[in-house]
Amino acid sequence: MKIEKTAIEGVVIVHPDVFEDERGYFMESYSLKKWQAAGLEYTFVQDNESKSAKNVLRGLHFQKPPFAQDKIVRVIRGAVMDVAVDIRTGSPTYGKHVCVELTESNKLQFLLPAGMAHGFVAREEGSIFAYKVTAPYAPQSEGCLLWNDPDLGIDWKCDTPLLSAKDQAGERFKTFSSPFKY
């Protein structure tokens with residue numbers, strides 16, 4: 001397993017060890033021992049999975065404390081562009097974002113600590129997205145930033161996203177009061 005740092009502290013790309021041959025492949029998608037050896041100390045309590053049509057855009061979501069979630073995400077089938085936005089006040093990268101292409105073939109994983117707004121857009125029909133989280137979903141704690149907020153400047157590379165009503169009505173970043181501290 002290789003850990004790749006990004007421009008936002010705590011957000012990393014995980015390159016798992018993948019063993020391939022003529023039969024297919026094998027990989028450990030998570031190993032507590034390897035994560036601890038890499039200095040990644042998380043206790044995951046729930047696994048989630050979603051399936052999305054091409055151009056479905058989900059985000060930018062987060063859960064407020066005390067239900068804030070650290071998460072590790074990956075694609076099982078298809079491809080997505082995944083985005084993390086730093087919403088930790090006092091962070092040198094507050095309001096900045098990083099993107100990574102997660103695909104069925106590259107098998108990359110994206111680790112987002114609490115204090116990140118998270119979203120993705122499906123690049124392929126029937127993309128299956130999986131993630132582990134450190135706190136259960138708590139609807140009363142949910143927050144959502146506006147996916148296309150010009151103050152965030154995210155290029156989703158998608159002209160016609162399919163959005164939920166909640167995602168269309170996300171909060172503007174400039175009026176957002178973050179519950180997260182750096």
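Colleague: Which strands and which helix each supply at least two residues of the lining of the largest pocket?

Modeller: In this predicted model, the largest pocket encloses about 410 Å³ of space, and 23 residues line it. The elements that each give at least two residues to that lining are strand 5, strand 6 (57–63), strand 12 (116–122), strand 13 and helix 2 (165–168).

Colleague: Which strand gives the largest share of the lining of the largest pocket?

Modeller: The residues closest to the centre of the largest pocket are Arg 58, His 61, Tyr 131, Glu 142 and Lys 166. By class, the lining divides into 9 nonpolar, 9 polar and 5 charged residues. The largest share of that lining amounts to 6 residues, and the element that supplies it is strand 6.

Colleague: How many of the 7 residues of strand 6 are buried?

Modeller: Buried here refers to a relative accessible area under 20%, and in the protein as a whole 48% of the 182 residues fall into that class. Strand 6 is mostly covered, and the number of its residues that count as buried is 5.

Colleague: In strand 12, which residue is the bridge partner of Arg 58?

Modeller: Strand 6 and strand 12 run antiparallel and are joined by 4 bridges. Arg 58 is also among the residues closest to the centre of the largest pocket, and its bridge partner in strand 12 is Phe 120.

Colleague: Which residue in strand 14 does His 61 stand opposite?

Modeller: Strand 6 also pairs with strand 14 (residues 142–144), in the antiparallel sense and over 3 bridges. His 61, another of the residues closest to the centre of the largest pocket, stands opposite a residue of strand 14, namely Cys 144.

Colleague: Which strand gives the most to the lining of the largest cavity?

Modeller: A search of the whole structure finds 1 cavity of 30 Å³ or more, and the largest cavity holds about 70 Å³ of space. Among its 13 lining residues, Phe 62, Gln 69, Lys 71, Ala 114 and Met 116 lie nearest the centre, while the classes in the lining are 7 nonpolar, 5 polar and 1 charged. Strand 6 and strand 12 each supply at least two residues of this lining, and the one that gives the most, with 3 residues, is strand 6.

Colleague: Why is one side of strand 1 and of strand 5 left without a neighbour in the sheet?

Modeller: The open sheet has 6 strands in the order 1-2-11-7-13-5, and its pairing is antiparallel. Strand 1 (2–5) and strand 5 (46–52) stand at the edges of that sheet, so each of them has a single partner strand. From one strand to the next, the twist averages 25°.

Colleague: In strand 13, which residue is the bridge partner of Asn 48?

Modeller: Strand 5 pairs with strand 13 (residues 127–133) in the antiparallel sense, over 7 bridges. Strand 5 and strand 13 each also supply at least two residues of the lining of the largest pocket. The partner of Asn 48 in strand 13 is Tyr 131.

Colleague: What is the radius of gyration of the protein?

Modeller: The protein has 2 helices and 15 strands. For 182 residues the globule rule gives 16 Å, and the value for the protein is close to that, so the protein is as compact as a globular protein of that length, with a radius of gyration of 16 Å.

Definitions and conventions:
Residues numbered from 1 in each chain as written. Predicted model: local features only at pLDDT ≥ 70, side-chain atom pairs only at ≥ 80, totals over all residues. Heavy atoms only, no water. Pairing = 2+ DSSP bridges. Axes fitted to C-alpha atoms, helices over the stretch in contact; angles between N-to-C directions. 1 Å grid on protein atoms, 1.4 Å probe; cavity = no way out; pocket = protein on both sides within 12 Å on 5 of 7 lines; lining within 4 Å. Points joined across faces, edges and corners; volume = space filled by probe spheres on them. Nonpolar A, V, L, I, M, F, W, Y, C, P; charged D, E, K, R; others polar. Buried < 20%, exposed > 50% of the residue type's maximum accessible area, 1.4 Å probe, protein only. Rg over C-alpha atoms; globule rule 2.2 N^0.38 Å.
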